[in-house]
Amino acid sequence: MEKFKKIEDDDIMIEVTMLDERSVEEMGSDDGGVMRDTLSEFWESFYSMCCNGEAVKYPRLKHTLHEEDWIAICRILVFGYKACGYYPIKLATSFMLNCFGRSVSEETVLNDFMNSTCDRDLIINAKEGRLEEFDDLIDFLDDYECTVVPNEKNVINVLNEIAHKEIIQKPAYISKCWKPILLQQVFLLPEEIELICVKLKPSCKRVLEMLTFDDDPQAKGELLTIRSLKRYVKTLDENVLTKFVRFCTGADVLVVDKIFVRILKNSQSDFQRRPVAHTCGAVLELPPGYELVDLKHEFNNILSSNVLYMDFV
């Protein structure tokens, strides 16, 4: 992030070197995949350390982050989108629209707030006038320092006020820092944000459509591996699917059009057999004869480790 504090032009060339958990330089050379992985790692850390929310995130103030830090973060956002089409899709759309100086509807803010909490069903019931879980609703609103007792007549207004306070008012200083950076670039348009988020979000259907296989596989072992891979992808939940996409492409969002699957010609021993990805070209290498149970076990072990090494040059 220090590099982005010293620049004013987002249209720059940056070469990335990854360090492993021992601070040892990894061998992977950057031809796109390392940069995508770096951006994914940066925004994952940003969500965790600098944001509130669950499925939807919105930034929160930290005493350790100053104006130049927030400006640098916004420059990273713009750089990532310009360099490789990467956009942090978990950021609340209403927060981003406010950063662009656009007016944001109460419905958009409330929807973002609702998806940022683990009490989504409670908010839905309250919006529909079902206040049977009144004590739970009081506890929920108390977490956000609500000073009004909700009832059937005012509950929607109360929820709108809390949502606006959390997503628009509290991060207002951050919005002020981001606004000049966002307005001076021309690649990311505010009216396209929702469409971009839908386009970049991984889904089983989209990922299956992206899988592209070499030639026309005929061998029995190749067909078994292809069938097992497709069945495996169909079983993945959103979290694991995102990790699968990142393993294959370096990015946790869909910034490439295809994932090229290469079935090796020679079978491997159980000890040697494993999925191998070349993220720069979005190439996934698999051995022939991969049974679903084995592919699932070995892929799950890789994806659950949360440690992916960049070691191809």
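**Sheet arrangement and two buried helical residues**

In this predicted model, an open sheet of 4 strands is arranged in the order β3-β4-β6-β5, and its pairing is mixed. The edges of the sheet are formed by β3 (211–213) and β5 (276–278), each of which pairs on one side only. On average, and with direction ignored, neighbouring strands of this sheet are turned by 30 degrees against each other. Strand β5 is joined by 3 bridges to β6 (residues 283–286), the two strands running antiparallel, and valine 276 stands opposite glutamate 285 in β6. Helix α12 (residues 220–234) lies across β3, β4 (259–263) and β6, and runs at about 180 degrees to β3.

Two residues in other helices were examined individually. Phenylalanine 140 is placed in helix α7 (residues 134–143) and counts as buried because its relative accessible area, 3%, falls under the 20% cut-off. When neighbours within four places in sequence are left aside, phenylalanine 140 is in contact with Phe113, Thr117, Asp119, Leu122, Ile123 and Leu159. Of these partners, leucine 122 is 18 residues apart from phenylalanine 140 in sequence, with a C-alpha to C-alpha separation of 8.7 Å in space.

Asparagine 160 is found in helix α8 (residues 155–169) and is likewise buried, since its relative accessible area is 14%, again under 20%. Outside the neighbours within four places in sequence, the contacts of asparagine 160 are with Glu106 and Leu110; with glutamate 106, the side chain of asparagine 160 also forms a side-chain to side-chain polar contact of 3.3 Å.

Methods
Residues numbered from 1 in each chain as written. Predicted model: local features only at pLDDT ≥ 70, side-chain atom pairs only at ≥ 80, totals over all residues. Heavy atoms only, no water. Buried < 20%, exposed > 50% of the residue type's maximum accessible area, 1.4 Å probe, protein only. Contact = heavy atoms within 4.5 Å. Polar contact = N/O pair within 3.5 Å; in protein donor to acceptor, adjacent residues only side chain to side chain. Pairing = 2+ DSSP bridges. Axes fitted to C-alpha atoms, helices over the stretch in contact; angles between N-to-C directions.
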